[in-house]
Amino acid sequence: MSKQAVAQRTRDLGPADLAEVIRIDALHTGRKNPGYWKGVFKRFLEDSDGTPRVGLCAEGERGLVAFLLGEVRAFEFGSDICGWIFAVGVDPAHMRKGVASELLSEACRRFKKAGVERVRTMVGRGNVPILSFFRSNGFVGGSFVQLELDLENRA
């Protein structure tokens, strides 16, 4: 199968894209989460606290086929300011055709223009498709290790 890009146009995500982002996310998670996505859209598209944010989407012949969200921020424990990708989703009918890589490339251009030198993300260990996506786009293990504590089992 050729890696022919399906997206006809990459553009900024807008308020009218909310339903399609919810739809694409639900195709991967198995559940719709409109409250979460409404909050994300409000923060990304309405709040102007000065934080450089990236909200991109790719359109195909029949509408939205992919989205990507990220922002410039400092992380805890002495991390320098960097770009963070916190959401990427592709309609399964359009996966493995370069659409998400196209969005990631544009996000990286914007992060670089905002003055950051590094882009980070966090991926669940068991999420092999998204791990493979980021690794195929040059992401490697970083200098920080994410740790967690299950409070349900803590005395």
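How do β3 and strand β4 (residues 82-90) pair, and over how many bridges? Keep that question in mind while you load the structure, which is a predicted model.

**Stop 1: the sheet**

Start by colouring the strands. Five of them form an open sheet, running in the order β1-β2-β3-β4-β5 with mixed pairing. At the edges you will find β1 (9-12) and β5 (119-120), each of which pairs on one side only. Now bring in helix α1: α1 packs on the sheet and touches β3 and β4, and its direction makes about 90° with that of β3.

**Stop 2: strand β3 and its neighbours**

Next, select residues 63-73, which make up strand β3. Nine of its eleven residues are buried, so the strand is largely enclosed by the rest of the structure.

On one side, add strand β2 (residues 53-60), which pairs with β3 in the antiparallel sense over eight bridges. A hairpin through two residues joins β2 to β3. Two pairs are handy to label here: Val 54 stands opposite Gly 70 of β3, and Leu 56 stands opposite Leu 68 of β3.

Then show β4 and return to the opening question: β3 and β4 are antiparallel and pair over eight bridges. Leu 68 is worth keeping on screen, for its bridge partner in β4 is Val 88. As you look along the strands, recall that in a regular strand the side chains alternate between the two faces of the sheet.

**Stop 3: Glu 71 and Arg 73**

Stay in β3 and select Glu 71. Is Glu 71 buried or exposed? Its relative accessibility is 5%, and under 20% is the cut-off for buried, so Glu 71 counts as buried. Show side chains around Glu 71 and draw two distances. A polar contact of 3.2 Å links the side chains of Glu 71 and Arg 53, and another, of 3.0 Å, links those of Glu 71 and Arg 73. Beyond residues up to four places away in sequence, Glu 71 touches several others, including Arg 43, Phe 44, Trp 84 and Phe 111.

Now move to Arg 73, also in strand β3. Arg 73 is partly exposed, with a relative accessible area of 29%. Leaving aside residues up to four places away in sequence, Arg 73 touches Asp 80, Ile 81, Cys 82 and Trp 84. For a C-alpha check, pick Arg 73 and Trp 84: they are eleven residues apart along the chain, and their C-alpha atoms are separated by 7.1 Å.

**Stop 4: two helices**

Hide the strands and select helix α1 (residues 18-29) together with helix α2 (residues 34-46). Their axes lie 10 Å apart, and the helices pack at an angle of about 130°. That angle makes α1 oblique to α2. The contact draws on Leu 18, Val 21, Ile 22 and Asp 25 from α1, and on Pro 34, Trp 37, Lys 38 and Phe 41 from α2. As for handedness, the crossing of α1 and α2 is right-handed.

**Stop 5: a backbone oddity**

Finish in the loop between β4 and α3 (99-113), where you will find Arg 96. Check the backbone torsions there: what is the phi of Arg 96? Its phi is positive, about 60°, although Arg 96 is not a glycine. For context, most residues other than glycine have a negative phi. Switch on a surface as your last step: Arg 96 counts as exposed, at 66% relative accessibility.

Technical notes:
Residues numbered from 1 in each chain as written. Predicted model: local features only at pLDDT ≥ 70, side-chain atom pairs only at ≥ 80, totals over all residues. Heavy atoms only, no water. Buried < 20%, exposed > 50% of the residue type's maximum accessible area, 1.4 Å probe, protein only. Helix = DSSP H or I, 4+ residues; strand = E, 2+ residues; numbered from the N terminus. Pairing = 2+ DSSP bridges. Polar contact = N/O pair within 3.5 Å; in protein donor to acceptor, adjacent residues only side chain to side chain. Contact = heavy atoms within 4.5 Å. Axes fitted to C-alpha atoms, helices over the stretch in contact; angles between N-to-C directions. Parallel < 35°, antiparallel > 145°, perpendicular 65-115°, else oblique. Left-handed = near helix turned anticlockwise from the far one by under 90°.
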